[in-house]
Amino acid sequence: MRAALQRLVAVSWRPRVSRLAPRQRCAATGPAPAPRCWSCGSALPAAEGPPLFCPGCRALQPPGPHPDLFRLMACDRSFRVDAQQLQRRFRSLQRTVHPDRFGRRPPEEQYYSEQHSSLINKAYQTLLNPLSRGIYLLELHGMEPAQETDCDADSVFLMEIMDINEKLAESKNDGILEEIDTLIKVKQEELTREVAEAFERDDFQEAKKLLAKMKYFANLKDKLKNKKIPS
């Protein structure tokens, strides 16, 4: 009896084999189908990512799931960007997809216009700021985001940060605050140049350390702004 039960259990727990025919199994693991317009069903060109509008019916399409912010803003994937060109692209895209232009369009297009507008804002702010631009570049190269602990081994740098923090905490003199502001700007400009050079020689570990230092100065900048706000 026990042997019979064991055989029954063994049969019951036997792994199932797919009943798809060989041709069906191949199709299931093949390339994903070409994207189609949600409105008219036309095939959409996808070589350069999903288009903004359907070539057939001109309906606004949803943003892609993982957009490349550099491609979206028509920039080379580089730490160095042309701020004026970036601003022109930002304004052009916002004029094209701003929700105010889609007030009388179908609900789907109204929703997609809001998504596009939000994404364009995010792309512009990310690429305009050297710190966020550098962190995003690291992510595109498969690296973990820069953390302030990445430069903990640099004791000289940490002492410099502590010194500025102390002056900032103790100072109530506008003149000293202006000196600290100037110092922070100079340090940020120096680090921005060094990060650009690190990326240009593909030294991502060095870029990560430098971006961690930039985070410290960004925090100091925020503290300085709060210090200047009258209580």
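Arg 133 is a bit of an oddity in this predicted model: the residue is buried, yet it has no salt bridge. The nearest side chain of opposite charge belongs to Glu 200, and that is 10 Å away, whereas a salt bridge calls for a nitrogen-to-oxygen distance within 4 Å. Arg 133 sits in helix H6, which runs over residues 130–140. Setting aside neighbours within four places in sequence, its contacts are Phe 70, Ser 78, Phe 79, Val 81, Thr 126, Leu 127 and Leu 128.

Elsewhere, charged side chains do pair up, and the structure holds nine salt bridges. One of them joins Asp 154 to Lys 213, with the closest N and O atoms 2.8 Å apart. This pair ties together distant parts of the chain: Asp 154 is in the loop between H6 and H7, Lys 213 is in helix H9, and 59 residues separate them. The two ends of the bridge also differ in exposure. Asp 154 has a relative accessibility of 26%, so it counts as partly exposed. Lys 213 comes in at 16%, and therefore counts as buried, the cut-off being under 20%.

Helix H7 follows, covering residues 155–170. Its length works out nicely: with 16 residues at 1.5 Å a residue, the helix should span 22 Å, and the C-alpha atoms at its ends are indeed 22 Å apart. Buried residues in H7 are Phe 157, Ile 161, Ile 164 and Leu 168. These cover an arc of only 65° around the axis, so they end up on the same side of H7. Helices H8 (174–200) and H9 (204–228) are among the elements that cover these buried residues. Over on the other side of H7, Val 156, Met 159, Ala 169 and Glu 170 are exposed.

H7 also carries a salt bridge of its own, between Lys 167 and Asp 163, where the closest N and O atoms are 3.6 Å apart. The partners are four residues apart in the helix, which means that about one helical turn separates them. Both ends are partly open to the outside: Lys 167 is partly exposed, with a relative accessible area of 45%, and Asp 163 is partly exposed too, at 35%.

Another salt bridge brings together the side chains of Asp 203 and Arg 201, at 3.8 Å from N to O. Asp 203 counts as partly exposed, given its relative accessibility of 27%. Finally, Asp 181, Lys 185 and Lys 221 are joined into one network by salt bridges that share partners.

Methods
Residues are numbered from 1 along each chain as its sequence is written. This is a predicted model: local features need pLDDT of at least 70, side-chain atom pairs count only at pLDDT 80 or more; totals for chains, interfaces and linings use all residues. Side-chain values use heavy atoms; hydrogens and water are left out. Helices (H or I, at least four residues) and strands (E, at least two) are DSSP runs, numbered from the N terminus. The expected span of a helix is 1.5 Å times one less than its number of residues. Buried means under 20% relative accessible area, exposed over 50%, partly exposed in between (1.4 Å probe, protein chains only). The arc is that of the directions from the helix axis to the C-beta atoms. Contact means heavy atoms within 4.5 Å. Lys and Arg count as positive and Asp and Glu as negative; His and the chain ends are not counted.
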